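Biologist: I'm new to this one, so could you pick a single part and walk me through it closely? I'd like to see how it sits among its neighbours.

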Amino acid sequence: MDIKISPSILSSDYANLEKELGRVSNADLIHIDVMDGHFVPNITIGIPVIAAIKKVCDIPFDVHLMISEPYDYVEAFAKAGADIICFHAESEGNISATIDRILFLGKKPAIAIKPDTPVDVVLPYLDKLYMVLVMTVEPGFGGQSFMERVLPKITKIRELRPDIDIEVDGGVDFSTVSLAAEAGANVFVAGSAVFGSACPSDAIETLKNNAQAV
């Protein structure tokens, strides 16, 4: 599987998003966390901001919906510029219908699961998914420590779907990226490891090299 780095703009300078995106021009994806203050106890950016930065960035948008009722909003996010639309298995609504809606809109569906959610929840939908996101921290805030205990979930998904993208989000840095890659992940969300570095583009290359070296 191709190794992909998806810098999370949650750790970027929101006052200068266009400039920040320019600093990660070698990224494979741009990870955008959408939080509603209900599904998770935090609020971030939404549809208007995504639509605005889509005009100045041609890297695919990896949009992570941490919201209560994703089905009601996937069309708006698709129109705003989301390329991958990831929603939580723990959110309200019909999982299968939400996946079908994303596919109907011509976008790539993904499901995210929290650290304490059994991997079995996502298995019935693997054939219809582009990607599975395994959270390696509790969703809602950046800067948390990587949870190694979730790695067996990644391995199980990889065994069942060798061709699917498996993403990890939370606490990914230059050392934990290797742990996740060894477990079977190939897409890595990195926030502070990228935007907190002196040269984000170099940080992306180091993360990718460390994952590929496994």
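Modeller: Let's take strand 7, keeping in mind that this is a predicted model. Of the 5 residues in strand 7, 5 are buried, so the strand is largely enclosed by the rest of the structure. You can check that face by face: Asp 165, Glu 167 and Asp 169 are buried on one side, and Ile 166 and Val 168 are buried on the other.

Now look at what lies alongside. Strand 6, residues 131–135, runs parallel to strand 7, and 5 bridges join the two. Strand 8 also runs parallel to strand 7, joined to it by 3 bridges. Val 168 is a handy residue to follow here: it is the bridge partner of Val 134, and its own bridge partner in strand 8 is Phe 188.

Then there's helix 6, which together with strand 7 and strand 8 makes a right-handed β-α-β unit. Helix 6 covers residues 176–183, and its buried residues are Thr 176, Val 177, Ala 180, Ala 181 and Ala 183. Those five sit on the same side of helix 6, because they cover an arc of only 160° around the axis. What do the buried residues of helix 6 pack against? Strand 7 (165–169) and strand 8 (187–190) are both among the partners, and so are helix 5 (151–160) and helix 8 (200–212). Just after helix 6 comes Gly 184, with a positive phi near 130°.

So, back to strand 7: both of its faces are covered, and it pairs in parallel with strand 6 and with strand 8.

Methods:
Residues are numbered from 1 along each chain as its sequence is written. This is a predicted model: local features need pLDDT of at least 70, side-chain atom pairs count only at pLDDT 80 or more; totals for chains, interfaces and linings use all residues. Side-chain values use heavy atoms; hydrogens and water are left out. Buried means under 20% relative accessible area, exposed over 50%, partly exposed in between (1.4 Å probe, protein chains only). Helices (H or I, at least four residues) and strands (E, at least two) are DSSP runs, numbered from the N terminus. The arc is that of the directions from the helix axis to the C-beta atoms. Contact means heavy atoms within 4.5 Å. Two strands pair if DSSP finds at least two bridges between them. A crossover is right-handed if, with the strands pointing away from the viewer, the path from the first strand over the helix to the second runs clockwise.
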